[in-house]
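This report looks at one charged pair and then at the chain that holds it.

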Amino acid sequence: TVIMKNFIKTINHYRRVYWMLLRLNLLKMFTYSADLISSSIAHTIWASFTIIQMLLLTSKTSHVFGWSRDELLILAAMYNIIYSFFYMFFSRGFNSFSTTIHFGRLDGILTKPIDSQFIMTCLYITYTHAIRLIVGMSFLIYMIMYLHLQITPMLVVGFIFLVIFSVMIIYSYWMLVMTLTIWFPKLSNLTDLLYQVNQVSKFPQEIYRGASNYLLFTLFPLTIIIVTPVKYLLQKALLGDIFLLMIFACGML
């Protein structure tokens, strides 16, 4: 009983802290209106480009490695949806890793009466990435209506859980890589590398062969974080695919 009370107390404490962070970041966003407008335009272009890129790549073929053109377009929409959540809530915190450590501000964070990983990764919220979410969701809904997919409440609940597990994997491997800056503070371009590595998850796993498939499927399971929710939405996911995503997410976290 005492353990449960302490757990609930801790959860409520972090909930209040995070609610305050949400408000502060929202106020900061509206304070700099020019940055808000430019960021919104940029995110709209990037989200649209992801879908346009897939349209161009599939313009001359109807199937790629067993995936139809419409399924690949859903994959592009899902890429926007899942990564918009990560970029919105976590990416800016990871971007500040190297500067925080390089300028000696990590010691101050470690002495605060709050979990250091929480404050390092959740301090900043970039609301303008919600544009990518809106674009991705709008296009996904269009594709669902176009393909006449049967969507049930149970399917929606399962889909939301798979999205959460996918974001957990992205958060975990970013955290694993960015901890290198503790020993090598000048590796400020690690985030640029991670942004490029994220691109591999927008394509089906079947296009990777040999060592690259082993690397991206086992060490860094980037090829399942987008594909599995899409297969589930299309009702083509096997039970093993779902369990594999969940096991990787919980294990890496």
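In this predicted model, Glu71 counts as buried, since its relative accessibility is 10% and the cut-off for burial is under 20%. Its carboxyl group is not without a partner, for the side chains of Glu71 and Lys236 meet in a salt bridge with an N to O distance of 2.3 Å. Lys236, for its part, is partly exposed at a relative accessible area of 49%.

The two partners are set out below.

| Residue | Relative accessible area | Class |
|---|---|---|
| Glu71 | 10% | buried |
| Lys236 | 49% | partly exposed |

Glu71 belongs to helix α3, which covers residues 69–95, while Lys236 sits in the loop between α12 (227–233) and α13 (239–252), so the salt bridge ties together parts that are 165 residues apart in sequence. The count for the model comes to one salt bridge, although the chain carries 17 positive and 8 negative side chains, with the centres of the two sets 9 Å apart.

Turning to the chain as a whole, its secondary structure consists of 13 helices and two strands. The radius of gyration is 19 Å, close to the 18 Å given by the globule rule for 253 residues, so the chain is as compact as a globular protein of that length. Of the contacts between residues at least 6 apart in sequence, 78% join residues at least 24 apart. Buried residues account for 43% of the 253 residues, and the accessible surface amounts to about 14300 Å², with 71% of that area belonging to carbon and sulfur atoms.

Key: Residues numbered from 1 in each chain as written. Predicted model: local features only at pLDDT ≥ 70, side-chain atom pairs only at ≥ 80, totals over all residues. Heavy atoms only, no water. Helix = DSSP H or I, 4+ residues; strand = E, 2+ residues; numbered from the N terminus. Rg over C-alpha atoms; globule rule 2.2 N^0.38 Å. Buried < 20%, exposed > 50% of the residue type's maximum accessible area, 1.4 Å probe, protein only. Contact = heavy atoms within 4.5 Å. Areas by Shrake-Rupley, 256 points an atom, 1.4 Å probe, with all protein chains shown as cover. Lys, Arg positive; Asp, Glu negative; His and termini not counted. Charge placed at Lys NZ, Arg CZ, Asp CG, Glu CD. Salt bridge = Lys/Arg side-chain N within 4 Å of Asp/Glu carboxyl O.
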